[in-house]
Amino acid sequence: MGADGKVFTLADVSTHNTEKDCWLIIGGKVYDVTKFLEDHPGGDEVLLSATGKDATDDFEDVGHSTSARAMMDEYYVGEIDASTIPTKAKYTPPKQPHYNQDKTSEFIIKLLQFLIPLAILGLAVGIRFYTKSAA
C-alpha cells in the first residue's frame, strides 16, 4: 500500500478532479489515478467523470479483471471518511391520485345533464318547425 492509512473527506477528494490531479473513491478507499489516466482502457473521461463521488458502483458495473483490481494497490492513497459521503436517496415514486371508479358514472351523469336538455330543445324546434309547415 502506498500510503500510511490517511483518512480523507469527500470534500478533500473532490478537489482532485482534473487530468493533472485525479482521485477516485472505490470501495471505501481513495486512489490517485492521475498517472493511470492515459493508460486506462476505457479512456480518461470515464475516470474523470467518476471524481467527486463514490465511484464503487461505476467500477463494479464494468466488471474489472482480477489484474485490474490488483493494479489498484499502487494507486492507493488512503481511506475515505464514510460519514462524509451522502447516503443515496431512496427512490419514492410520486403519489398518484387514487383512481375512483365512481368517476365513470359521474362523467355519464354530467354528459346526460348536457345531452337531455339538448335533445328536448331539438325536439321542441322540430315540433315547432313541423307544425308551422303543416298549417
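**Strand β3, its partners and the largest pocket**

Within β3, C22 is the bridge partner of N17. This contact belongs to a predicted model. N17 lies in strand β2, which spans residues 17–18. Strands β2 and β3 run antiparallel and are joined by 2 bridges. The connection between β2 and β3 is a hairpin of 2 residues.

On its other side in sequence, β3 pairs with strand β4, residues 29–32. This pairing is also antiparallel, and 4 bridges support it. I26 stands opposite K29 of β4. The hairpin of β3 and β4 likewise has 2 residues between the strands. One residue of this hairpin, G27, adopts a positive phi near 60°. Strand β3 is largely enclosed by the rest of the structure, because 5 of its 6 residues are buried.

These strands sit in a mixed fold. The chain holds 5 helices and 5 strands. Their order along the sequence is β-α-β-β-β-α-α-α-β-α. The chain has 135 residues, and 22% of them count as buried. Long-range contacts are frequent in the following sense. Among contacts between residues at least 6 apart in sequence, 69% join residues at least 24 apart.

Aromatic pairs were examined next. A pair of aromatic rings is described by two quantities, the distance of the centres and the angle of the planes. The count in this model comes to 3 aromatic pairs. One of them is formed by F8 and W23. Their ring centres are 5.0 Å apart. Their planes meet at 75°, above the 60° cut-off, so the pair is edge-to-face. F8 belongs to strand β1 (residues 7–8) and W23 to strand β3. The two residues are 15 apart along the chain, and the pair links distant parts of it. F8 has a relative accessibility of 7% and therefore counts as buried. W23 is buried too, with a relative accessible area of 10%. Strand β3 thus contributes W23 to this aromatic pair and C22 to the bridge with N17.

Y31 and Y76 form another pair. The centres of their rings lie 6.1 Å apart. With planes at 70°, this pair is edge-to-face. Y31 is in strand β4, whereas Y76 is in strand β5, residues 76–80. The separation along the chain is 45 residues, and distant parts are again linked. Y31 has a relative accessible area of 7% and is buried. Y76 is buried, also with a value of 7%.

The empty space of the model was then considered. Rolling a probe the size of a water molecule over the atoms shows where such space is left. The largest pocket has a volume of about 440 Å³. Its lining comprises 21 residues. F36, H40, L47, F59 and H64 lie nearest its centre. Four elements each give two or more residues to the lining: β3 (21–26), α2 (44–49), α3 (56–62) and α4 (66–71). The lining divides into 16 nonpolar, 4 polar and 1 charged residues.

Strand β3 recurs through these results. It pairs with β2 and with β4. It carries W23, the ring partner of F8. It also gives two or more residues to the lining of the largest pocket.

Notes
Residues numbered from 1 in each chain as written. Predicted model: local features only at pLDDT ≥ 70, side-chain atom pairs only at ≥ 80, totals over all residues. Heavy atoms only, no water. 1 Å grid on protein atoms, 1.4 Å probe; cavity = no way out; pocket = protein on both sides within 12 Å on 5 of 7 lines; lining within 4 Å. Points joined across faces, edges and corners; volume = space filled by probe spheres on them. Nonpolar A, V, L, I, M, F, W, Y, C, P; charged D, E, K, R; others polar. Buried < 20%, exposed > 50% of the residue type's maximum accessible area, 1.4 Å probe, protein only. Pairing = 2+ DSSP bridges. Phe/Tyr/Trp six-rings, centres within 6.5 Å; stacked < 30°, edge-to-face > 60°. Contact = heavy atoms within 4.5 Å.
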